[in-house]
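Please keep the sequence and the model side by side while going through this note. The points below deal with the cysteines and with one sheet.

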Amino acid sequence: MNELVIRIKYHGDTPPIEKIAVGDWIDLRAAETVELKAGEWRPISLGISMQLPEGYEAHILPRSSTFKRWGVILPNAMGIIDESYCGDNDIWHFGALALRDTLIQKGDRICQFRIMEKMPPVRFEEVQVLGNRDRGGFGSTGDV
């Protein structure tokens, strides 16, 4: 497998990120201390800008411990950063929604990312019948 090179710019005194040997996700840290009240939403700076390789995008998700530790969720389920968001001031953020009063300290590992190949070009062809066996509708494993 060829190694991809990702150019990264750190803003302020953000510590360098690193890929650990176990797992495919890379942790990201809050670049600022943020106090949130229950029900409050705000983007939290991650203190980095990146130039992703052409044809790739980054998927950002909370770490498994993020809700337990700080009571925040990512309300749009997943953050996606494509290769065009690569300017010097295109700083990555984590959009946090607090479900309880919380304090996130600068340097806390609040989310993680991995890069994925972008979807290839597609086109849609309209048909009247797909001609496949039905699985049983939405929410079904196919066991009817």
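**Notes on the cysteines and the sheet**

1. In this predicted model, Cys86 counts as partly exposed, because its relative accessibility is 35%. Cys111, in contrast, is buried, with a relative accessible area of 0%.

2. A disulfide is a covalent bond between the sulfur atoms of two cysteines. How many disulfides does the count come to? The count comes to zero, and Cys86 is accordingly in no disulfide, the nearest cysteine sulfur, which belongs to Cys111, being 19 Å away. Seen from the other side, the closest cysteine sulfur to that of Cys111 is the one in Cys86, and the 19 Å between them is too far for a bond, since a disulfide needs the two sulfur atoms to be within 2.5 Å.

3. Turning to the sheet, four strands form an open arrangement in the order β2-β11-β6-β8, and their pairing is antiparallel. Which strands stand at the edges? These are β2, covering residues 26-29, and β8, covering residues 79-82; each has a single partner strand, so one side of each is left without a neighbour in the sheet. From one strand to the next, the twist averages 30°.

4. The pairing of the edge strand β2 can be followed in more detail, as β2 is joined by four bridges to β11, the strand made of residues 109-117, and the two run antiparallel. Within this pair, Ile26 stands opposite Phe113, which lies in β11.

Definitions and conventions: Residues numbered from 1 in each chain as written. Predicted model: local features only at pLDDT ≥ 70, side-chain atom pairs only at ≥ 80, totals over all residues. Heavy atoms only, no water. Pairing = 2+ DSSP bridges. Axes fitted to C-alpha atoms, helices over the stretch in contact; angles between N-to-C directions. Buried < 20%, exposed > 50% of the residue type's maximum accessible area, 1.4 Å probe, protein only.
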